[in-house]
Amino acid sequence: TIAYWMGRKAEGTAATHRWKCYVRGPHNEDISVFVKRVVFRLHPTFKNPTRTVEKPPFEIEESGWGEFEINVSVYFEETDKPLEIFHLLKLHPPEGQPPRTKKPIVMETGETAVFHDPPEILYKKLTDMLESAPPLPEPSMLPPSGPVTSDNVLVSPLQPVVSEQEEIKKITEAKNRVRGEIQKIQERFMKAEEESILLSAEIAHLQHFLAEHATTSSSTSSSTSSSTSSSTSS
């Protein structure tokens, strides 16, 4: 992804950044030789959150204010199974760096597609592309392919946005949250189990009481009938 801050005039609006999400070759090769279509799935708050692009450039452009994960499905020629990618839309510069309107935030990750026993047609397309296909012109909004410097962007392509320590901290915090939720669920389950045991005991006690009451009523009725018969007989 590549995102441009719209400046202070846009602060407080729903469109603080203009951004693109794109799929391209590592050297901007014409991947339409073997890519059939790309499906971008955005946050559900966007209008038409599922976008399908069937010809190059395989990209979408939007504006917004929040970061989120984009699900990208890359479909290849002659195959049915897509390459699934989950990519973070990055809008803000690294900590300690101010946002700038002329320096975009670029977040690129490299993905490798492995084709096991590809169809002959697909194999030929891939090999022909590697040997002779020229790169497409650079889209105006995208960063230059290959290495970039701090003169071009605030976050370099193919580089982690956060440090390893920050990533470990986030993972640890997430694990702790999950453990906390699991403990809460276990406590609720134990409480429900205790309540179930108490309820079962109350039901058993009530059933026992009803059974005893029914026996007493039957016994009283029999005694009354016997007395009446004896009296009549006398």
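**Entry 1: Phe-209 and its surroundings**

I began with Phe-209, which counts as partly exposed because its relative accessibility is 48%, a value that falls between the limits of 20% for buried and 50% for exposed. I note here that what I am reading is a predicted model. Looking up where Phe-209 sits, I found it in helix 2, which covers residues 164–233. I then checked what accompanies Phe-209 on the surface, and found that Leu-206, Phe-209 and Leu-210 form a nonpolar patch there, with about 310 Å² of accessible area together.

**Entry 2: the sheet**

Next I turned to the strands, and I traced an open sheet of 4 strands in the order 5-2-1-8, with antiparallel pairing. Its edges are strand 5, at 58–64, and strand 8, at 105–106, each of which pairs on one side only.

I followed strand 1 in both directions across the sheet. With strand 2, which holds residues 17–23, strand 1 pairs in the antiparallel sense over 4 bridges, and with strand 8 strand 1, residues 2–5, pairs over 2 bridges, again in the antiparallel sense. Looking at single residues, I saw that Ile-2 stands opposite Lys-20 in strand 2, while the bridge partner of Ile-2 in strand 8 is Val-106. For Ala-3, the bridge partner in strand 8 is Ile-105.

Which way do the side chains of strand 1 point, and are they buried or exposed? I found Ile-2 and Tyr-4 pointing one way and Ala-3 and Trp-5 pointing the other way, and all of them are buried. I compared this with the general rule that side chains in a regular strand alternate between the two faces of the sheet.

**Entry 3: the cavity**

I then searched for enclosed space, and the structure holds 1 cavity of 30 Å³ or more; the volume of the largest cavity is about 40 Å³. Its lining is made up of 12 residues, and those that lie nearest the centre of the cavity are Trp-5, Leu-91, Arg-100, Lys-103 and Ile-105. Strand 1, which I had just followed through the sheet, gives the most to this lining, with 3 residues. Two names were already in my notes from the sheet: Trp-5 is one of the buried residues of strand 1, and Ile-105 is the bridge partner of Ala-3.

**Entry 4: backbone details in the loops**

I looked for a cis peptide bond and found one that joins Pro-56 and Pro-57, with omega at about 0°. Pro-57 has its place in the loop between strand 4, residues 50–53, and strand 5, and this strand 5 is one of the edge strands that I noted above.

Where does Asn-48, which is not a glycine but has a positive phi of about 55°, have its place? I located Asn-48 in the loop between strand 3, residues 35–41, and strand 4. With a relative accessible area of 47%, Asn-48 is partly exposed.

I also looked up Asp-117, a residue other than glycine whose phi is positive and near 50°. Asp-117 is found in the loop between strand 8 and helix 1, where helix 1 covers 120–132. Because its relative accessible area is 77%, and exposed means over 50%, I entered Asp-117 as exposed.

Technical notes: Residues numbered from 1 in each chain as written. Predicted model: local features only at pLDDT ≥ 70, side-chain atom pairs only at ≥ 80, totals over all residues. Heavy atoms only, no water. Patch = residues over 30% accessible without salt bridge, like charges linked within 9 Å, V, L, I, M, F, W, Y side chains within 5 Å. Areas by Shrake-Rupley, 256 points an atom, 1.4 Å probe, with all protein chains shown as cover. Salt bridge = Lys/Arg side-chain N within 4 Å of Asp/Glu carboxyl O. Buried < 20%, exposed > 50% of the residue type's maximum accessible area, 1.4 Å probe, protein only. Pairing = 2+ DSSP bridges. 1 Å grid on protein atoms, 1.4 Å probe; cavity = no way out; pocket = protein on both sides within 12 Å on 5 of 7 lines; lining within 4 Å. Points joined across faces, edges and corners; volume = space filled by probe spheres on them.
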